[in-house]
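Visitor: I'd like a close look at a single residue and the part of the chain around it. Could you walk me through it?

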Amino acid sequence: MKRSIVYCMLLLAFAGVSFSAIAQQAPERQGGPEAKPNPKAALMAVKLKEIKEALNLSDTTMARFKPIYVRYDQELSRFHSERGKQLMLRADPDTLSTAQAEQALVAQINMGKAMIALQERYIAEFRAVLTPQQILKFFRVEQDIRRKALAEYRKRFPAKQD
């Protein structure tokens with residue numbers, strides 16, 4: 001539990017330092033006066049740092065791992081975005097007709113298959129850089145990172161109570 005709190009604090013501290021550093025740069029270094037900080041890039045840097053530390057990766061291994069992970073993360077983000085568009089999966093099952101419920105079940109199964117296919121494809125790529133033990137640990141670390149980020153998001157932006 002203490003470790004999770006420490007990771008959250010490190011994540012927040014790093015994000016805060018990153019945003020402060022970006023905000024203090026001269027406008028021309030930021031890409032012009034209308035340029036805005038990129039929170040996705042800051043989050044990616046935090047994720048990569050935490051993965052490197054957790055898996056104890058050398059700089060050489062990290063240099064080979066990073067482009068694969070960036071592609072994986074982008075595809076995973078697109079996957080979750082598509083999943084979020086499946087409104088029926090989030091609907092109250094009691095409000096759906098039988099046909100809608102069947103459609104939601106098929107969609108849920110297809111999403112599960114797509115997620116497995118994505119992971120299988122990238123496990124093959126990760127094997128070129130990481131050991132099987134490191135791959136298993138990577139998936140756990142990444143899941144922990146996502147859980148922490150979601151908890152922080154919910155803390156910062158609580159759901160509206162009607």
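Visitor: Is E152 buried or exposed, and what is its relative accessible area?

Guide: Keep in mind as we go that this is a predicted model. E152 is buried, with a relative accessible area of 12%. The cut-off for that label is under 20%, so a value of 12% puts E152 in the buried class.

Let's place it first. E152 is found in helix α6, which covers residues 132-156. That helix has 25 residues, and its first and last C-alpha atoms are 36 Å apart, close to the 36 Å expected at 1.5 Å a residue. E152 has company among the buried residues of α6: I135, F138, F139, V141, E142, I145 and K148 are buried too. So is every residue of that list hydrophobic? Look at the names: E142, K148 and E152 are in it.

Now for the partners of the E152 side chain. One is R156, and the two side chains make a polar contact at 2.7 Å. The pair also counts as a salt bridge, with 2.7 Å from N to O. R156 and E152 are separated by about one helical turn, because they sit four residues apart in helix α6. As a rule, an α-helix has 3.6 residues a turn, so residues three or four places apart point the same way.

The other partner to look at is K155, whose side chain meets that of E152 in a salt bridge of 3.6 Å, N to O. Both residues lie in α6, three residues apart, again about one turn of the helix. The two ends of this bridge sit in different surroundings: E152 counts as buried at 12% relative accessibility, whereas K155 counts as exposed because its value is 60%.

Staying in α6 for a moment, have a look at L150. L150 is partly exposed, with a relative accessible area of 40%. Together with Y153 and F157, L150 makes a nonpolar surface patch of about 330 Å².

Zooming out to the charged pairs, a search of the whole structure finds 11 salt bridges. One of them joins the side chains of K47 and D73, at 2.8 Å from N to O. K47 lies in helix α2 (residues 39-55) and D73 in helix α3 (residues 59-85), so this pair ties together parts that are 26 residues apart in sequence. Both K47 and D73 are buried.

Back to R156 and E152 for a second: their side chains meet at 2.7 Å, N to O. Elsewhere, salt bridges that share partners join K47, D73, E142 and R146 into one network. E142 is also one of the buried residues of α6.

For the setting, the chain has six helices and zero strands, in the order α-α-α-α-α-α along the sequence. Buried residues make up 26% of its 162 residues, and E152 is one of the buried ones. Among contacts between residues at least 6 apart in sequence, 68% join residues at least 24 apart. The chain exposes about 11,700 Å², and carbon and sulfur atoms supply 58% of that area.

Notes: Residues numbered from 1 in each chain as written. Predicted model: local features only at pLDDT ≥ 70, side-chain atom pairs only at ≥ 80, totals over all residues. Heavy atoms only, no water. Helix = DSSP H or I, 4+ residues; strand = E, 2+ residues; numbered from the N terminus. Buried < 20%, exposed > 50% of the residue type's maximum accessible area, 1.4 Å probe, protein only. Polar contact = N/O pair within 3.5 Å; in protein donor to acceptor, adjacent residues only side chain to side chain. Expected span 1.5 Å × (residues − 1). Salt bridge = Lys/Arg side-chain N within 4 Å of Asp/Glu carboxyl O. Patch = residues over 30% accessible without salt bridge, like charges linked within 9 Å, V, L, I, M, F, W, Y side chains within 5 Å. Areas by Shrake-Rupley, 256 points an atom, 1.4 Å probe, with all protein chains shown as cover. Contact = heavy atoms within 4.5 Å.
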